[in-house]
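Visitor: I am new to this structure, and I would like to understand the words used for it. Could you take me through them with care?

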Amino acid sequence: MATHIEVHCPANGQFVRSVPITPADEVRAIVDRARVAQVAWGAKSVGERAQFLRKVRAVVLARQDDIVECLVRQNGKPRTEGLIHEVMEHLELLTYFAEEGERILEPQPIAAHLLVHRHSYIHFKARGVLGVIAPWNFPFTIPFGAVAMGLLAGNAIVVKPSEFTPLVADLGREIYLQAGLDPDLLQIVHGYGDVGAALIDGGIDMLEFTGSVATGRKVAAMCGERLIPCVTELGGKAPALVLADAPLERTANAVTWGGLANAGQVCASIERLLVDDAIYEKFVPVLVEKVKALRLGDAMLNAEFDVGPLVNERQLDIVERLVNDAVSKGAVVAVGGKRVAGPGFFFEPTVLLNCTVEMDILTKETFGPVIPVMRVVGEDAMIAEANRSSLGLLAYVFTRRTAHGRKLAERIRAGTVMVNDVLASHAMAETPWAGVKNSGIGCVHSDEGLRHMCEARHVNYDVLPWLSKELWWFPYHSRHQALFRRSLGGLFGRGVDRLKRIVA
Ligand code: NDP
């Protein structure tokens, strides 16, 4: 059995470092240590914990080059993407939650409807130990977004990063410890799926999982067995609707970036481009020219390039298979279409025309630099196509009429629909990131995401302390029954509506 993960750079195959695997039978002891450390951390005020996030922010700012370098070596992404998608996004998340955490986690009063002599409020207390299982495509911002929010909520955290990006997780932890965190409050367990499963089985109080639908089903089932709350952020097959009046330049730029950033390895990537028949002939050539102009590259060799490699051979095989399947069923390659001879796992930025729903490329997650284009007649047909997928994470609408775009957006079954933009809502920590349908359960980011990392506990108390008993307590009397019978009409019948009208 392997004792180490050998990390190689996907851009050139060079060996980077080996990382010891955490034996699965040691994971429970790690969770136990986190639980002990959590007691003092959870007892701190939200304000004190928010202050810690500001310290982390200072360290992230100071070490931005280290983070980008680590991402480049392990993930192969262009430096600009490391800086914008990962460093800047994390800084923004730290800032939002450091500033807003106290407000978000303030106790919330609930106005009573019937029992007006009793008052209620919800207060938020840490769940305990939060398990975070993360993918390789955004190996800093995804797990450490959960780490920052989970710590602010008062939890201890144990992270299981992807086997393809363990060094980024180690560096992230180093940064949090440099900001002064007790080492037991943030621990990393390295390994494959069995280590992830050991984490769920190791006594955690909640899981945040980001990954594929297939693994999401498995981890959700494990959490269900153990009755642990579980947020699942899973796959996407985002449609982009290019309406007849879409602005050509902005839309073509947005689609190029939204389909091919991070070599298309984004759960929110444009994976189905639906172009209205009325604009198709004008729009497609502009898009194809933009994709043709993209430069592939290895950040260790090239100072400037646009698209990096895929993360591994398996991913490359999937993309190649889906493209070949589409071509065998009639798709036309307008640009790209094949893998690049090694070293590195590169696939040419690709636009496929004449795509139809019989092709796997329009139904299965590609996670590669391919934009499959479908010609569609009219908006109703576009909405029907957009909603055809079993996934529902992101969707996009391009039009000059923003108000009309918003109306269409509301007809699409996706967790987020952006009008005239792509991908960027993940960088808006204040907004929810959540899938519908098979794209997941629950949300990350946003006030709701932070509160969900806590137990929402309800306190109900009396404001008439001199009442010796309530009318509905023992002993029961027939006179009380008569009183209740008379009151029901007043409370719930027409009487109450009349009363409300008078008060209004
Ligand atoms: P996987 O589902 O293969 O893996 C995700 C994580 O789960 C990895 O750390 C993996 O470890 C671990 N894991 C695997 N098997 C188990 C198991 N049985 N129990 C517990 N943990 C397990 O996804 P990928 O890493 O390939 O990531 C790509 C997927 O993530 C895509 O489908 C993408 O759409 C989705 N994603 C979703 C996002 C969202 O916000 N909705 C954001 C980013 C990605 P190991 O790597 O060692 O196998």
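Guide: A search of the whole structure finds 30 salt bridges, a salt bridge being a side-chain nitrogen of Lys or Arg within 4 Å of a carboxyl oxygen of Asp or Glu. This is a predicted model, in which local features need pLDDT of at least 70 and side-chain atom pairs count only at pLDDT 80 or more, while totals for chains, interfaces and linings use all residues. Residues are numbered from 1 along each chain as its sequence is written, and side-chain values use heavy atoms, with hydrogens and water left out.

Visitor: Why is the pair of Glu-99 and Arg-54 called a salt bridge?

Guide: The closest N and O atoms of Glu-99 and Arg-54 are 3.3 Å apart, and because the limit is 4 Å, the pair qualifies. Glu-99 lies in helix α4 (residues 79–104) and Arg-54 in helix α2 (residues 46–62), so the salt bridge ties together parts that are 45 residues apart in sequence. Helices here are DSSP runs of H or I with at least four residues, strands are runs of E with at least two, and both are numbered from the N terminus.

Visitor: What makes Arg-54 partly exposed?

Guide: Buried means under 20% relative accessible area and exposed over 50%, with partly exposed in between (1.4 Å probe, protein chains only). Arg-54 has a relative accessible area of 24%, so it counts as partly exposed. Glu-99, with 45%, is partly exposed as well.

Visitor: How do you know that Glu-320 and Arg-339 meet in a salt bridge?

Guide: Their N to O distance is 2.9 Å, and the pair therefore satisfies the 4 Å limit. Glu-320 lies in helix α11 (residues 313–328) and Arg-339 in the loop between β12 (332–335) and β13 (350–353), so parts that are 19 residues apart in sequence are tied together. Glu-313, Asp-317, Glu-320 and Arg-339 are linked in a network of salt bridges.

Visitor: What makes a set of residues a nonpolar core?

Guide: The members are buried Ala, Val, Leu, Ile, Met, Phe, Trp, Tyr and Cys residues joined through side-chain atoms within 4.5 Å. In the largest nonpolar core, of 122 residues, Phe-97, Tyr-176, Leu-273, Phe-283 and Tyr-396 touch the most other members. Domain 1 (12–106 + 123–234 + 446–454) and domain 2 (238–431) both give residues to this core, so it lies between them; the domain bounds come from an automatic or database domain assignment. Apart from this core lies another, of 29 residues, among them Val-319, Cys-355, Met-359 and Ala-395.
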